[in-house]
Amino acid sequence: MRLGVIADTHGLLRPEVFQAFAKVDHILHAGDVGPPDLLTELEVLAPVTAVYGNTDGMELRSRLPQVAAMELDGFDIILTHGDQLGSPTPEKLNQAFPDAQIIIYGHTHKPVLTTVDVVVTVMNPGGAGHRRFGLPPSVGILELEPGIPPRGRLLPLLDFDPA
């Protein structure tokens, strides 16, 4: 299973996202979505699971959870914006969600792909919307296959090259 991972769009869905996610089976949006129809646009590509972030309005907060727990291809996954932890880090997230094998978060706009406690994969795809904090916009791809550790990569969206 191939997952497209995105966060912090803040209402901007760049055309490069459609290229990056062209062959994904499922999209995970880690909050700060912006207008709800942004999720509808993503659903053209694949099913979307999303959570709300600290800047999302009441309409999204009434439709989306703060934390989504799911199982995909045999992996226990947590999807959260992470703002409930203040400044989220992979270690804080692992402590907050000790049963997760994969943790996806946003909020910081800083791309992260790491392992914690040897077996927990933690990804922040970075901010995909307007450029903030001098960081280029980015998304992530996670490849899941039962019995094999997740394989992931972070993709900058400026001058996107899908190879």
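**Exercise 1. Determine how many helices and strands the protein has, and in what order they come.**

Solution. Begin with the count: the secondary structure consists of four helices and ten strands, where helices (H or I, at least four residues) and strands (E, at least two) are DSSP runs, numbered from the N terminus. Next, read the order from the N terminus, which is β-α-β-α-β-α-β-β-α-β-β-β-β-β. The radius of gyration is 14 Å, close to the 15 Å that the globule rule gives for 163 residues, so the protein is as compact as a globular protein of that length. Here the radius of gyration is taken over C-alpha atoms, and the globule rule is 2.2 Å times the number of residues to the power 0.38. Along the principal axes, the C-alpha atoms fill a box of roughly 35 × 35 × 30 Å.

Before going on, keep in mind that this is a predicted model, in which local features need pLDDT of at least 70 and side-chain atom pairs count only at pLDDT 80 or more, while totals for chains, interfaces and linings use all residues. Residues are numbered from 1 along each chain as its sequence is written, and side-chain values use heavy atoms, with hydrogens and water left out.

**Exercise 2. Find the salt bridges and state where their partners lie.**

Solution. A salt bridge is a side-chain nitrogen of Lys or Arg within 4 Å of a carboxyl oxygen of Asp or Glu, and a search of the whole structure finds two. In one of them, the side chains of Arg-2 and Glu-143 meet at 2.6 Å, N to O. This pair links distant parts of the chain, with Arg-2 in strand 1 (residues 2-6) and Glu-143 in strand 9 (residues 138-145), 141 residues apart. To describe their surroundings, use the relative accessible area: buried means under 20%, exposed over 50%, and partly exposed in between (1.4 Å probe, protein chains only). Arg-2 is buried because its value is 18%, whereas Glu-143, at 24%, is partly exposed. The other bridge joins the side chains of Glu-145 and Arg-151 at 3.6 Å, N to O; Glu-145 is partly exposed at 37%, and Arg-151 is partly exposed at 38%.

**Exercise 3. Place Asp-25 in the chain and say which surface patch it helps to form.**

Solution. First locate Asp-25, which is found in the loop between helix 1 (15-20) and strand 2 (26-29). Its relative accessibility is 42%, so Asp-25 counts as partly exposed. Then look at the patch: Asp-25, Glu-71, Asp-73, Asp-76 and Asp-99 form a negative surface patch. Patches are made of residues with over 30% relative accessible area and no salt bridge, with like charges joined within 9 Å and nonpolar side chains (Val, Leu, Ile, Met, Phe, Trp, Tyr) within 5 Å. Finally, Asp-25 and Val-48 are 23 residues apart in sequence and 9.4 Å apart in space, C-alpha to C-alpha.

**Exercise 4. Examine the phi angles of Asp-32 and His-109, and decide whether each residue is buried or exposed.**

Solution. As background, most residues other than glycine have a negative phi. Phi of Asp-32, however, is near 55°, a positive value; Asp-32 is found in the loop between strand 2 and helix 2 (37-42), and with a relative accessible area of 2% it is buried. His-109 has a positive phi of about 65° although it is not a glycine. The place of His-109 is in the loop between strand 6 (102-104) and strand 7 (112-116), and His-109 is buried, with a relative accessible area of 4%. For the whole protein, buried residues make up 50% of the 163 residues.

How values were computed. Accessible areas come from the Shrake-Rupley method with a 1.4 Å probe; for residues, only the protein chains shown count as cover. Lys and Arg count as positive and Asp and Glu as negative; His and the chain ends are not counted. The place of a charge is taken as NZ of Lys, CZ of Arg, CG of Asp or CD of Glu.
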